[in-house]
Amino acid sequence: MIRICVFTVALLALLTGCSNSIDKQESMQNGKDDMQADNIQKPASDGTVDKLAPIAASESFVEIISPIYDAVGNFSDGLASVNIGRVEGINDGKSGFIDKTGKEIVSLKYDDSYSRDCDYVYMASFSEGMAAVGLNGKYGFIDRTGNEIVPAKYDSVGDFSEGMARVMLNYKWGFIDKKGEELVPLKYDEVFNFSDGLAEVALNGKWGYVDKTGKEVVPPKYDGSIYADGYDYYVSYCYFSEGMAAVVLNGKVGYIDKEGKEIVAPKYDRLDLFQAALGVFSEGLASVRIDTVCDEDGLDEGGKYGFIDKTGKEVIPLKYDDAWNFSEGMAAVMLNGKVGYIDKTGKEIVPPKYDFNGSHWALRSFSDGMAGVEINNKYGFIDKTGKEVVTPKFTYAESFSEGMAMVGLDSEYGFIDNTGKEIVPPKYDWGTWSFSEGLARVCLNKKYGFIDKTGKEVVPLGYDWVSAFHEGMAAVELGGKYGFISAN
């Protein structure tokens with residue numbers, strides 16, 4: 001039995017770099033919906049709001065909190081950012097944070113709680129016990145009790161990662177710890193989050209790495225992107241993964257360890273931005289590329305892919321036209337336009353025989369022991385022996401998540417389990433999405449609800465929109481107002 005608690009609030013979903021249509025398929029943090037609240041009700045002095053009677057139409061609804069907020073974010077660390085008075089482009093309103101009972105843990109006193117990170121703006125959330133807040137156009141950090149650990153003094157900030165947050169003042173970046181101490185001086189032109197204890201930093205067009213004391217383990221000396229995309233901006237896939245990071249020098253790719261030693265001298269060609277490989281180590285191996293040719297626009301094309309280990313040894317010959325990263329001990333590879341699968345010894349478990357239409361990159365990676373395959377624009381799934389557990393027959397498919405995969409036939413969508421059994425026959429509309437925390441959102445006739453893994457509609461399809469669940473909470477929209485539901 002699902003217990004539903006509703007906190008009816010007006011929601012502003014601010015997505016990083018995605019359109020509103022994608023928002024309906026991914027998360028509250030991937031796009032932008034601007035909502036203006038009428039007849040705003042102020043919260044009581046104790047941080048609660050007046051409660052209304054349960055909705056008579058459904059016994060599942062236990063509690064309702066009146067519509068009062070103009071913007072909210074996803075729950076993280078048990079709290080969600082909320083805003084009263086925000087009108088896009090006119091007024092930022094005042095922001096604070098509520099807990100899962102609707103109590104305002106952090107009073108609504110900040111100009112906004114939007115973290116301005118590089119060129120993106122998104123609704124702030126707690127990360128590692130800290131959240132960014134704004135005041136008078138500057139940004140700082142609070143803890144979960146609302147204490148201002150870092151005063152609002154920076155022009156831009158990022159979330160905490162590995163105990164450090166990037167901050168910017170006067171167009172120079174550095175890092176602070178959770179005490180607010182600037183351990184990495186604000187002198188860099190750009191920085192990326194810490195990964196494996198190191199962070200990428202840029203100075204005067206060159207890239208290097210710093211540790212958490214600010215020491216330049218690798219002085220800025222390397223070039224920009226590992227991608228042969230022709231763009232001037234830096235696309236970061238040179239972060240440390242499994243103790244190794246890709247670096248670029250004079251147009252060639254190599255690898256360094258966390259001490260800055262070049263384990264693999266820069267000798268490989270840069271990767272194609274639109275190919276599958278990301279150039280990072282995964283399960284002890286990384287894809288590399290050689291023998292590219294320069295086209296009329298000066299971009300690299302063609303080439304052959306293989307894999308190296310952490311000593312730089314080419315353990316899988318560079319003979320494939322494309323290669324995906326290893327996942328669950330297997331990697332998809334392409335040869336002559338067909339996709340197959342190899343293990344970590346290079347053995348072809350599945351000879352290249354499946355199609356690939358240039359989309360659904362992630363579907364080819366193994367997840368929950370299954371990988372998607374395609375024949376004549378129809379999708380199915382194989383296991384790690386190459387057996388077709390699900391014969392290619394669907395016109396749409398997503399990767400397995402929590403033992404279930406979303407599939408589609410024409411414009412109708414349902415779910416299968418990892419035996420291929422149709423738990424939910426395709427009957428829902430676009431807007432349906434994968435399982436999260438045991439529930440999947442479904443859409444029919446522009447109304448949204450949730451189903452469990454038996455296919456039972458545990459939350460009626462009566463909402464105008466719903467988000468996925470985060471920490472047991474999901475945002476819902478009804479009549480232009482937004483709230484949260486909580487499921488036990």
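**Group meeting: strand β17, its sheet and three salt bridges**

Okay, let me start with one contact: the side chain of Asp177 reaches the backbone nitrogen of Lys179 at 2.9 Å. That side chain also reaches a second backbone nitrogen, the one of Glu181, at 3.0 Å. Keep in mind that this is a predicted model.

So where does Asp177 sit? Asp177 is in the loop between β17 and β18. Asp177 is buried, yet has no salt bridge. The nearest side chain of opposite charge belongs to Lys179, and that one is 6.0 Å away. A salt bridge here needs a side-chain nitrogen within 4 Å of a carboxyl oxygen. If you skip the neighbours within four places in sequence, Asp177 is in contact with Phe160, Gly163, Met164 and Leu183.

Let me zoom out to the loop itself. β17 and β18 make a hairpin with five residues between them, and Gly180 in that turn has a positive phi of about 90°. The two strands run antiparallel, joined by three bridges. One pairing to look at is Ile176, whose bridge partner in β18 is Glu182.

On the other flank of β17 we have β16, residues 165-169, also antiparallel, with five bridges. Here Val167 stands opposite Gly174. This is a hairpin as well, with two residues between the strands, and Asn170 in the turn has a positive phi of about 55°. How much of β17 itself is covered? Four of its five residues, in the stretch 172-176, are buried.

Now put the sheet together. It is open, four strands, in the order β15-β16-β17-β18, with antiparallel pairing. β15 and β18 stand at the edges with a single partner strand each, so one side of each has no neighbour in the sheet. β15 is joined to β16 by two bridges, and Val157 stands opposite Val167 there.

Okay, salt bridges. Asp177 doesn't have one, but the structure holds 17 of them. I picked three.

Take Asp269 and Lys252, with the closest N and O atoms 2.4 Å apart. Asp269 is in β25 and Lys252 in β24, so this pair ties together parts that are 17 residues apart in sequence. Buried or exposed? Asp269 counts as buried, at 8% relative accessibility, while Lys252 is partly exposed at 31%.

Next up, Lys304 with Asp321, closest N and O atoms 2.6 Å apart. Lys304 lies in β27 and Asp321 in the loop between β28 and β29, and these are 17 residues apart. Both ends are partly exposed: Lys304 has a relative accessible area of 28%, and Asp321 comes in at 23%.

And then Lys447 with Asp464, at 2.5 Å between the closest N and O atoms. Lys447 is in β42 and Asp464 in the loop between β43 and β44, so again the pair ties together parts that are 17 residues apart in sequence. Lys447 is partly exposed at 31%, and Asp464 is partly exposed at 25%.

Last slide, the whole chain. How many helices and strands does the protein chain have? One helix and 46 strands. Of its 488 residues, 55% count as buried. The chain exposes about 20,400 Å², and carbon and sulfur atoms supply 50% of that. As for contacts between residues at least 6 apart in sequence, 40% join residues at least 24 apart.

That's what I have; happy to go back to any slide.

Conventions: Residues numbered from 1 in each chain as written. Predicted model: local features only at pLDDT ≥ 70, side-chain atom pairs only at ≥ 80, totals over all residues. Heavy atoms only, no water. Buried < 20%, exposed > 50% of the residue type's maximum accessible area, 1.4 Å probe, protein only. Contact = heavy atoms within 4.5 Å. Areas by Shrake-Rupley, 256 points an atom, 1.4 Å probe, with all protein chains shown as cover. Pairing = 2+ DSSP bridges. Lys, Arg positive; Asp, Glu negative; His and termini not counted. Polar contact = N/O pair within 3.5 Å; in protein donor to acceptor, adjacent residues only side chain to side chain.
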